[in-house]
Amino acid sequence: MPLFPVPAVLAFLALIYVAYQNYLDVAFGRPSLIATGLIMVVAAVYYLLVLARRTDWNLHGRDELAG
């Protein structure tokens, strides 16, 4: 892919710009950012406390499930 890091950097900068604009909107944007951050924290805590402790992850293919 030509200019490999440029599209990713531009997308990241656009994401930062959108988050900044949402932060400036006190009525709707800022509460939305706070809610999104809280959801991310809850998901991370759930992953660390529940999912990361599981050691019995097994991948089953179609043949094994059919019987």
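Helices here are DSSP runs of H or I at least four residues long, numbered from the N terminus. With that settled, this is a predicted model of a protein with 3 helices and 0 strands. Read from the N terminus, the elements simply go α-α-α. The radius of gyration is 20 Å, well over the 11 Å that the globule rule gives for 67 residues, so the protein is more spread out than a compact globule.

**Overall shape and surface**

- Along its principal axes, the C-alpha trace covers about 55 × 40 × 20 Å.
- Buried residues account for just 1% of the 67 residues.
- The protein exposes about 6300 Å², and 72% of that area comes from carbon and sulfur atoms.

**The N-terminal end and helix α1**

- Leu3 sits in the segment before α1, the helix that covers residues 5–24.
- Its backbone is a bit of an oddity: Leu3 has a positive phi of about 55 degrees, although it is not a glycine. For context, most residues other than glycine have a negative phi.
- Leu3 has a relative accessible area of 64%, and it counts as exposed because that value is over the 50% cut-off.
- Leu3 also belongs to a nonpolar patch on the surface, together with Val6, Val9, Leu10, Phe12, Leu13, Leu15 and Ile16. Taken together, these residues have about 800 Å² of accessible area.
- One of the patch members, Leu13, lies in helix α1.

**Tyr23 and its ring**

- Tyr23 is found in helix α1 too.
- With a relative accessible area of 44%, Tyr23 falls between the 20% and 50% cut-offs, so it is classed as partly exposed.
- Arg30 lies over the face of the Tyr23 ring, at 4.1 Å from the ring centre.
- As for ring-on-ring contacts, a search of the whole structure turns up 0 aromatic pairs.
- Looking further along the chain, Tyr23 and Val50 are 27 residues apart, and their C-alpha atoms are separated by 32 Å.

**Gly37 and helix α2**

- Gly37 is part of helix α2, which takes in residues 29–51.
- The relative accessibility of Gly37 is 25%, and because buried means under 20%, this glycine counts as partly exposed.
- Gly37 and Asp25 are 12 residues apart in sequence, and the C-alpha to C-alpha distance between them is 16 Å.

Conventions:
Residues are numbered from 1 along each chain as its sequence is written. This is a predicted model: local features need pLDDT of at least 70, side-chain atom pairs count only at pLDDT 80 or more; totals for chains, interfaces and linings use all residues. Side-chain values use heavy atoms; hydrogens and water are left out. Helices (H or I, at least four residues) and strands (E, at least two) are DSSP runs, numbered from the N terminus. Buried means under 20% relative accessible area, exposed over 50%, partly exposed in between (1.4 Å probe, protein chains only). Patches are made of residues with over 30% relative accessible area and no salt bridge: like charges are joined within 9 Å, nonpolar side chains (Val, Leu, Ile, Met, Phe, Trp, Tyr) within 5 Å. Accessible areas come from the Shrake-Rupley method with a 1.4 Å probe; for residues, only the protein chains shown count as cover. A salt bridge is a side-chain nitrogen of Lys or Arg within 4 Å of a carboxyl oxygen of Asp or Glu. Rings of Phe, Tyr and Trp (its six-membered ring) pair if their centres lie within 6.5 Å; planes under 30 degrees apart count as stacked, over 60 as edge-to-face and the rest as tilted. A charge sits over a ring if NZ of Lys or CZ of Arg is within 6 Å of the ring centre and within 35 degrees of the ring normal. The radius of gyration is taken over C-alpha atoms; the globule rule is 2.2 Å times the number of residues to the power 0.38.
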